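User: I am new to this structure and would like to understand how its labels are justified. Could you take me through the reasoning step by step?

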Amino acid sequence: EDQASAFQLEIGESLDLSFFPSGDEDWFKTTVPELDSSQALNIYTTGDSDTILEVYDSSGSLLYENDDTGDSTTSQILAFVQGQEVFIRVREYDGEIGDYGLAVEQIRVQLDEFEPDNSQDEASLIPFDEPQSHSLIPSDDEDWFRFVLSANSEVTLRTLSSIDTYIEIFDSSGIMIAEDDDSGDGYNAFIQKDLTEGEYYFKVYLVGSETVQANYDVIVTVE
């Protein structure tokens, strides 16, 4: 019923469980071995209950959370943790009674070829007029890009995806000069801006955390 009384769940194990009585929540703990950067814990629920998953470290700090994965009311988290004990809290969204399943497994994830690109210093040079495919793993990942203008130009940045992306553009000194959330198709980001000659950076990240693996294309065009 709380972190102190969490049930030991081994990696590779799955359980059939239930919420009872109304308002019930379940706590579990698992010990994560040392993993490499392409490995993660895949924690997910099954069944018809509308579950909320949360992952905490041993001090009680929230590391990850997820409500609905895609169109499903089940939950899923890719947790990039290693060499520590983590705690998993599962509860029903409306506090209802119901059955659910819980599983924890160790998996290898496919990072895109441009990683690591998680900061301005690691930004990859993006060519103009050529879409590039990227992924945001885990959900709080940021992808950084760099481009250079040889003359004053009208620049268009856009993402193409089924996810909710956000773009922020920075000048060479790191000052943000433009940002956008949903001006493109669907929930895609779109920015069109006149820029002077020079070097620029931008980053793409995911809005919200309901997607386990977020794939998208990004394209920069210059006129």
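User: What makes F147 count as buried?

Analyst: In this predicted model, the relative accessibility of F147 is 0%. Buried means under 20% relative accessible area, so F147 counts as buried.

User: How do you know whether F202 is buried or exposed?

Analyst: The same kind of reasoning applies. F202 has 0% relative accessibility, and the cut-off for buried is under 20%, so F202 counts as buried. F145 is buried as well.

User: Why is the pair of F145 and F202 called stacked?

Analyst: A search of the whole structure finds nine aromatic pairs. For F145 and F202, the ring centres are 4.7 Å apart and the planes stand at 15°. Rings pair if their centres lie within 6.5 Å, and planes under 30 degrees apart count as stacked, so this pair is stacked. The pair links distant parts of the chain, since F145 belongs to strand β12 (residues 142-149) and F202 to strand β17 (residues 198-206), with their positions 57 residues apart in sequence.

User: Why is the pair of F147 and F202 called tilted?

Analyst: The ring centres of F147 and F202 are 6.2 Å apart, with the planes at 50°. The distance is within 6.5 Å, while the angle is neither under 30 degrees nor over 60, so the pair is tilted. Because F147 lies in strand β12 and F202 in strand β17, this pair ties together parts that are 55 residues apart in sequence.

User: Which residues form one aromatic cluster with F202?

Analyst: The cluster is formed by F128, F145, F147, Y200 and F202.

User: What makes β10 and β15 edge strands?

Analyst: Strands β12 and β17 belong to an open sheet of five strands, in the order β10-β12-β17-β14-β15 and with mixed pairing. Its edge strands are β10 (124-125) and β15 (176-180), each of which pairs on one side only.

User: How do you know that β14 and β15 pair?

Analyst: Two strands pair if there are at least two bridges between them, and four bridges join β14 (residues 165-171) to β15, the two running antiparallel. Within this pairing, I169 stands opposite A178 in β15.

User: What is the strand order in the sheet that contains β3 and β8?

Analyst: That open sheet of five strands has the order β1-β3-β8-β5-β6, with mixed pairing. Its edge strands are β1 (7-8) and β6 (62-66), each pairing on one side only. Strands β3 (residues 25-32) and β8 (residues 84-92) run antiparallel and are joined by eight bridges, with F28 opposite I88 in β8.

Key
Residues are numbered from 1 along each chain as its sequence is written. This is a predicted model: local features need pLDDT of at least 70, side-chain atom pairs count only at pLDDT 80 or more; totals for chains, interfaces and linings use all residues. Side-chain values use heavy atoms; hydrogens and water are left out. Rings of Phe, Tyr and Trp (its six-membered ring) pair if their centres lie within 6.5 Å; planes under 30 degrees apart count as stacked, over 60 as edge-to-face and the rest as tilted. Buried means under 20% relative accessible area, exposed over 50%, partly exposed in between (1.4 Å probe, protein chains only).
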